[in-house]
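Let's take a walk through a protein fold, starting with the overall picture and then zooming in on a few spots. Keep the structure open while you read.

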Amino acid sequence: MIKKVMETLDETVADIPDGASIMVGGFGPGIPYNLISALHRQGAKELTVIAVTPTTFRRPDVSLLTREGRVKELISQGGDGHTPGVPQGTMAERVRAGAAGIPAFYTPTSVGTNMAKGKEHREFNGRTYVLETALTADYGFVRARKADTVGNLQYRLSQMNSNPLVARAARITIAEVEEPIVEVGDLDPSFVHTPGLYVKRVVEIPPPPEGFEDRPYNIFGVAPTGRRSTRGIGEEAEREESGKKKLSREQMVRRLVQELEEGWVVNLGMGLPQYCCMLAPPERGIIFHAENGVIGYGGMATKENLDIHLVDALGFHLTLGPGASVVDHAESFALVRSGRLDATALGAYQVAENGDLANVGREPGGEGGAGGGAMDMAANAKRVFVIMQHNRDDGEARLVKRSNLPLTAPGVVKMVFTDLGVFEVTSEGFLMREIAPGWTVDEVNALSGAEIHAAPDLKEVQV
């Protein structure tokens, strides 16, 4: 029998040569931190790295290699700071296609944006799609909860996100495993998530040395963090403009939640949208969807109730709602592209009066910006809601006549919720349906970059 169980992490990656291509699983407890650290010690360079999640420069992820100049090409949803990233759903499907032996596919995501420039476009059933090619690699790094001696793998919760895809798309898949490796037959075949035929090497993660038990996401294991947004609702000081009170973040979120109907499937972006799950009435039965594969989560966890293996795409710990499920990354985005997402709530840098959304890049006229999942949500959700402050901290307007930022998706935004009111995007531009108490239409217009029209039945925001 071919030996698959390795004694040490360093032994496991010792033969990876300069110039190799390496695909890496992602999202919090699914990131193979220990294999990346071992490769960093090994010294390989001129690498092509396919990273499902962006480099963070805060943890021992692929940034260990990129910041030392040992990566000649980085393919990631975050890009490399010079070229655009890949939309998250497109990234997942490119890996899935590579694993399935499909060389290319068409997707509607990114059409009309910088990320589609230079790519083949084709129309199907009256809609434009862009051609994307598959991804494979020489080596695949994954992290699993359990393994047996022939390489069968079991993942726990959010480890399911991209690890099954990476394991199938690489020629030599290497798995770091949290629990002691068991003998053949000890894993129930019905619950093997990655068959051993895809896996060439498995290695146990060593226990952390004394003093490292509480280090979040340390290279030896995963420790709970209870991570949540630092600019949350109910925590901000009261904000004013020219002596007038603006809506608080909590009021903005509560007003958005009023639009979410019973039984809807709703994706929440980073920042303020995340808090919709905390304020939505449970009896409404809204199914909250996290792009990395958690379907039906209940809310954000605290240090008291978190499960270290359950996170959203940003690494924030979640709780599960009744009837929840966890799927892989490709299935999560297949749900989105197939029209099953009733709404997405996103933050933004700018929204134009024609509904253009810009939330992937900050520089006017820039070509860069992280792809993220927002591009997939914006292009495919039935309704796109945006929640954001009406103006940047420097006073620049976010509601504009025409965006000067890289677009996430053209013409998709339906409603915008700001600290000054509720705005509908119409064929005539921005129509203000509701206004913050104490404000006038002229005052809102003075803080906007496009003309704001008042609805005949304009009323004050009620939350």
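What follows is a short tour of this predicted model.

## The big picture

The protein has 463 residues, and 56% of them are buried. Its chain forms 10 helices and 26 strands. If you take contacts between residues at least 6 apart in sequence, 70% of them join residues at least 24 apart.

What about the outside? The accessible surface adds up to about 19,400 Å², and carbon and sulfur atoms account for 49% of that.

## Strand β21 and its partners

Now find strand β21, which covers residues 384-387. V384 and V386 point one way, while F385 and I387 point the other way. That fits a general pattern: in a regular strand, side chains alternate between the two faces of the sheet. Here the residues on both sides, V384 and V386 as well as F385 and I387, are buried.

Which strands pair with β21? One is β18 (residues 343-346), which runs parallel to β21 and is joined to it over 3 bridges. Within that pairing, L346 has V386 as its bridge partner. Another is β23 (residues 413-418), also parallel, with 4 bridges to β21. There, V384 is matched with V413.

## Two nonpolar cores

In soluble globular proteins, nonpolar side chains tend to be buried together. In this model, the largest nonpolar core contains 58 residues, and F288, V351, L357 and V413 touch the most other members. A separate core has 36 residues, including V86, A92, A175 and V327.

Take a closer look at L357. Leaving out neighbours within four places in sequence, its contacts include L346, V386 and V413. You've met those three already in the strand pairings: L346 and V386 are bridge partners, and V413 is the partner of V384. Other contacts of L357 include G347, A378 and T408.

## Helix α6 and what covers it

Helix α6 spans residues 249-257, and its buried residues are R249, M252, V253, R255, L256 and V257. What lies over them? The cover includes the strands β18, β21 and β23 from above, along with α7 (276-279), β24 (421-426) and β25 (429-435).

## A partly exposed arginine

Finally, look for R168 in helix α5 (residues 163-169). Is R168 buried or exposed? R168 counts as partly exposed because its relative accessibility is 27%, which falls between the 20% and 50% cut-offs.

Not counting residues up to four places away in sequence, R168 touches A99 and Y198. R168 and G140 are 28 residues apart in sequence, and their C-alpha atoms are 8.4 Å apart in space.

Note on methods. Residues numbered from 1 in each chain as written. Predicted model: local features only at pLDDT ≥ 70, side-chain atom pairs only at ≥ 80, totals over all residues. Heavy atoms only, no water. Buried < 20%, exposed > 50% of the residue type's maximum accessible area, 1.4 Å probe, protein only. Helix = DSSP H or I, 4+ residues; strand = E, 2+ residues; numbered from the N terminus. Pairing = 2+ DSSP bridges. Core = buried A, V, L, I, M, F, W, Y, C linked by side-chain atoms within 4.5 Å. Contact = heavy atoms within 4.5 Å. Areas by Shrake-Rupley, 256 points an atom, 1.4 Å probe, with all protein chains shown as cover.
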